[in-house]
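Visitor: I should like a close look at a single part of this structure, one helix and its packing partner. Please then place that part in its wider setting.

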There are 2 protein chains.
Amino acid sequence: MKHIRGGVTAPSGFTASGIHCGVRRNKEKKDLALIVSELPCAAAACFTTNKVKGQPVVVSAAHLANGVAQAIICNSGNANTCTGEAGIAVAQRMAELVAERLPVKAEDVVVASTGVIGQLLDVTIIERGMDALVEGLSPTGSIAAREAIMTTDTIKKEVAVSLELADGTVVTMGAIAKGSGMIHPNMATMLAFITTDCAIAAPMLQAALSESTRRTFNRISVDGDTSTNDMVVALANGKAGNAPIVAEGPDSRAFQEALDEICVELARLIARDGEGATKLMECIVSGAVSEDEAVLLAKAVISSSLVKTALFGSDANWGRVLCALGYSPATVDPGKIALAFESGRGYLEVCKDGAPIAFSEEKAKRVLSDTEVTILVDLGLGKAQATAWGCDLSYEYVRINGDYRT
Amino acid sequence: MKHIRGGVTAPSGFTASGIHCGVRRNKEKKDLALIVSELPCAAAACFTTNKVKGQPVVVSAAHLANGVAQAIICNSGNANTCTGEAGIAVAQRMAELVAERLPVKAEDVVVASTGVIGQLLDVTIIERGMDALVEGLSPTGSIAAREAIMTTDTIKKEVAVSLELADGTVVTMGAIAKGSGMIHPNMATMLAFITTDCAIAAPMLQAALSESTRRTFNRISVDGDTSTNDMVVALANGKAGNAPIVAEGPDSRAFQEALDEICVELARLIARDGEGATKLMECIVSGAVSEDEAVLLAKAVISSSLVKTALFGSDANWGRVLCALGYSPATVDPGKIALAFESGRGYLEVCKDGAPIAFSEEKAKRVLSDTEVTILVDLGLGKAQATAWGCDLSYEYVRINGDYRT
């Protein structure tokens, strides 16, 4: 497997586009994206588990029920959520607008929206932009599409890899994502669109995507708020010409490995670019009695407002980490916990057997002031391990969210 | 029942004291408090459910096992938590320091500590202050004691009421509390000390305290972090001379009502004075299928970082409230939810049957810019109701917690 450029248009047979159509007032900010495959694709998706689901989530879930899709249309600036039946009609109309201009069936179009909740999306604004959007479709369009789906994101979230299958065929996989706020995925994630030219059966693709999602997107948090519009979609158009992956084997394992690589990179990018974040926080919990418990504990640490603010202040306030471990529902024995901080600037042990280890405050400040900081927790109970990713909590998060809507 | 002055020293037979002994560097800030009853008291307590428990919690739980206590010693500035066996010895020594100077048994002393976690508390600092602390005991000492237990608190948390029992006896109940950060109580709370001269059996007192705690302290959150040191203690010395309350009846109900009044006022004060808070947020969920579900939903709303920052910005971003309701584990039918905001500045309906109601942005800003804002949620499913209290999330929370320790 190797990393390549090109995002969702790196795989053969995919084009993409991104424009400003007017959902957002700022004309500098693209707000409408389209990703299209030449051929119908095996399709898989994971959606939010929030019981308040965005109208586009409802429509896309129906369109994907048969495991086939060919295009994704996505706007930013309005989530089209809590908008009732009128919002369902808007999401359906967005799919039709694609079908009217391209040889794609409306029911093979995935619809996604992100932005403010509770305001009806004016679909005529989308309609006015459709001709320019379709004209803009290009085999290097991933850049424009990834810009159009951003909201408060500040860094690009695009990745692509190529891998060689057992029969020698080289297949390519690419992805774009948007993250930033309302990030606490549960069985799904924010928006991530993954394309591949690999030939793979839809059930295999769904199994691989669910597994990657469980291990990556479901282990990040920016603010503990599980969005109403989370959606990860994978489209596989088969253009690489490999013997289709229809069962477990070396190829399905290679595919899973590549998909994991794509998803873990996007997950880290989303956490790193949490609203207002200045640092990526990684928490690795080892010595747990089970992987599920390790996940609960790692997520408790990266979700704690007090750990997050301490990290923002580069303060090795490790008692807050122990506090978070203690209120998670998982098993801990406080007297067995060991804790250390690590970054590119050094390694610092702060606690062993649940009691303090003397350390240099100067060194602590240095280690924690890096832009990526890992918190290493050893529970001393078992052999299971898991990693979760989050970010610090800064003044900027408050500024962004104090006046997001008005 | 009527509100009176005097806090924990309002009831007959209680004295209190508060001094600066040196746990904190700032000599202007008192850091050691003592509350003493003339007579041994029926005692009840609720402690944190965090599995990482502060050393004082462990010692106090043992001392309270027999339902008797006579004094409470509490320091701020160091939580004496994650400090191993050495920390247990420090907490035990604090009880002995009281017993050496007053006619009180060491095992009848409740020990509490609040402040930074993970640093051993130097008990010789406490010891040097003990003589002054005991000399300062006074029937108006509640003021000094309430100041000494504060950490980042900015407003006083003291309340007292008197009530008349069936036999005509007037009994008095008083309390002080500290709150501010690491506030997300679960089966217990931050520090709250409640005194009464009512004669009541310890099991009745415990039942009443557990019930009040469930309905008040367990329904507030500042930052979602359940502290390691949460503790509510109630001491009843019987000095009022009433016929002791030993069973359910009019007196036990009057006592419960007074205790609820005390606890709800402290809970609101703690939420209102959350670290960095500029506003109290109250969420009343009605139309739920059960009280437990109403609590889950109300707590999801007041705990959401996105709802909290929107409130800070006086932004009627009600979609975030629906989002929080949707990811809570309780039952909701998005299409039946009605939502309104209310404050001293007006009442604003924003959502009915899960869909938007047009409203004036100007009026919304006015309603939400008050210092106490209520979010009214009607689920339209059943008849149960519950209230939870929280606060907004401001720049100041980040500042306070970015450099709390160093």
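**A helix pair and its surroundings**

Guide: In this predicted model, the residues A:Val90, A:Arg93, A:Met94 and A:Leu97 of α2(A) meet A:Val123, A:Ile126, A:Glu127 and A:Met130 of α3(A). Sorted by class, this contact comprises six nonpolar residues, two charged residues and no polar ones. The two helix axes lie 10 Å apart, and the packing angle is about 10°. Angles under 35 degrees count as roughly parallel, and α2(A) and α3(A) are therefore described as roughly parallel to each other.

Helix α2 of chain A covers residues 84–99, which makes 16 residues. At 1.5 Å a residue, a span of 22 Å is expected for this helix, and the distance of 24 Å between its end C-alpha atoms agrees with that. The buried residues of α2(A) are A:Gly87, A:Val90, A:Ala91, A:Gln92, A:Met94, A:Ala95, A:Leu97 and A:Val98. Their packing partners in chain A include α3 (123–135), already met above, together with the helix α1 (55–63). Strands also take part: the buried residues of α2(A) pack against β3 (32–47), β4 (68–78) and β5 (109–116) of chain A.

The loop between β4 and α2 of chain A holds A:Cys82. This residue is not a glycine, yet its phi is positive, at about 60°. A:Cys82 has 29 C-beta neighbours inside 10 Å and so counts as buried. A comparable note applies to chain B, where B:Asp353 has a positive phi of about 50° although it is not a glycine. B:Asp353 sits in the loop between β12 (346–352) and β13 (355–356) of chain B. With 13 other C-beta atoms within 10 Å, B:Asp353 is partly exposed.

The wider setting begins with the domains. Chain A is assigned a domain 1 spanning 2–272 and a domain 2 spanning 280–402. Taken over C-alpha atoms, the centres of domain 1 of chain A and domain 2 of chain A are 32 Å apart. Eleven residues of domain 1 of chain A and 14 residues of domain 2 of chain A form the contact. On the side of domain 1 of chain A that touches domain 2 of chain A, there are four nonpolar, four polar and three charged residues.

One residue of chain A to examine next is A:Phe341, which belongs to strand β11 (residues 338–343) of chain A. A:Phe341 has 24 C-beta neighbours inside 10 Å and therefore counts as buried. Beyond its neighbours within four places in sequence, A:Phe341 is in contact with A:Ala316, A:Leu348, A:Val350, A:Val367, A:Leu368, A:Val373 and A:Ile375. For the pair A:Phe341 and A:Ile375, the separation is 34 residues in sequence and 4.8 Å in space, C-alpha to C-alpha.

A further residue, A:Arg399, lies in helix α11 (residues 395–402) of chain A. The count of other C-beta atoms within 10 Å is 16 for A:Arg399, which is therefore partly exposed. A:Arg399 and A:Glu275 are 124 residues apart along the chain, while their C-alpha atoms are separated by 9.6 Å.

The last part of the setting is the interface between the chains. Here 55 residues of chain A are in contact with 55 residues of chain B. On the side of chain A that touches chain B, at least two residues each come from α8 (305–312), α9 (319–327), β13 (355–356) and α11 of chain A. The largest share of that side, eight residues, is supplied by α9(A). By class, the side of chain A that touches chain B has 24 nonpolar, 23 polar and eight charged residues.

A contact across the chains can be followed at B:Ser394, placed in the loop between β15 (384–391) and α11 (395–402) of chain B. B:Ser394 is buried, because 23 other C-beta atoms lie within 10 Å. Not counting residues up to four places away in sequence, B:Ser394 touches A:Val398 in chain A, and in chain B it touches B:Gly276, B:Ala277, B:Thr278 and B:Phe312. B:Ser394 and B:Glu265, by contrast, are 23 Å apart in space, C-alpha to C-alpha, and 129 residues apart in sequence.

Notes:
Residues numbered from 1 in each chain as written. Chains lettered and ligands numbered in written order. Predicted model: local features only at pLDDT ≥ 70, side-chain atom pairs only at ≥ 80, totals over all residues. Domains from an automatic or database assignment. Contact = placed C-beta atoms within 7 Å. Nonpolar A, V, L, I, M, F, W, Y, C, P; charged D, E, K, R; others polar. Helix = DSSP H or I, 4+ residues; strand = E, 2+ residues; numbered from the N terminus. Expected span 1.5 Å × (residues − 1). Buried ≥ 20, exposed ≤ 12 C-beta atoms within 10 Å, placed from the backbone. Axes fitted to C-alpha atoms, helices over the stretch in contact; angles between N-to-C directions. Parallel < 35°, antiparallel > 145°, perpendicular 65-115°, else oblique.
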